[in-house]
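Reader: I should like to request a close look at the salt bridges of this structure. Please explain each term as it arises.

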Amino acid sequence: MIENKKILAVCPARGGSKGIPLKNLMPFLGVPLVARVGHLISEISMIDRAIVSTDHLEIAEVARQSGLEAPFFRPENLSGDQISDAQVLIHALNEMERIDKVQYDIV
């Protein structure tokens, strides 16, 4: 929390990729990309809730193992390569406010 503002961290990590299939599971210096995000976020004490927005079961599991939560799966209509980060973040914010019954101030 920063100045009484609730913070939601969202890691967008879809399974499909035209360039590198399942790139979010690819290791970088021995650690999957999505896990690196989880490890980094766990070091930021101001974050109230940290989640992954994904459409892929294995990405969700690796994210969970690294400290991110995966409370929902991203719908197919938000998983294409033409979808913007804004659309994904708005969906994640709406889902988390519904699930947590709280209003987040910063995403």
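Author: What follows is an account of the salt bridges and of the residues that form them.

This is a predicted model, in which local features need pLDDT of at least 70 and side-chain atom pairs count only at pLDDT 80 or more, while totals for chains, interfaces and linings use all residues. Residues are numbered from 1 along each chain as its sequence is written, and side-chain values use heavy atoms, with hydrogens and water left out.

The structure holds four salt bridges (a salt bridge is a side-chain nitrogen of Lys or Arg within 4 Å of a carboxyl oxygen of Asp or Glu). One of them joins the side chains of D100 and R49, at 2.7 Å from N to O. Because D100 belongs to helix 3 (residues 85-100) and R49 to strand 4 (residues 49-53), this pair ties together parts that are 51 residues apart in sequence. Helices (H or I, at least four residues) and strands (E, at least two) are DSSP runs, numbered from the N terminus. R49 is buried, at 14% relative accessibility, whereas D100 is partly exposed, at 25%. Here buried means under 20% relative accessible area, exposed over 50%, and partly exposed in between, with a 1.4 Å probe and protein chains only. R49 and D100 are also linked with E69 in a network of salt bridges.

Within helix 2 (residues 57-65), R64 and E61 lie three residues apart, about one turn of the helix. Their closest N and O atoms are 3.5 Å apart in a salt bridge. R64 is partly exposed at 36%, and E61 is partly exposed at 37%.

In helix 3, R98 and E95 are three residues apart, which means that about one helical turn separates them. The closest N and O atoms of their salt bridge are 2.7 Å apart.
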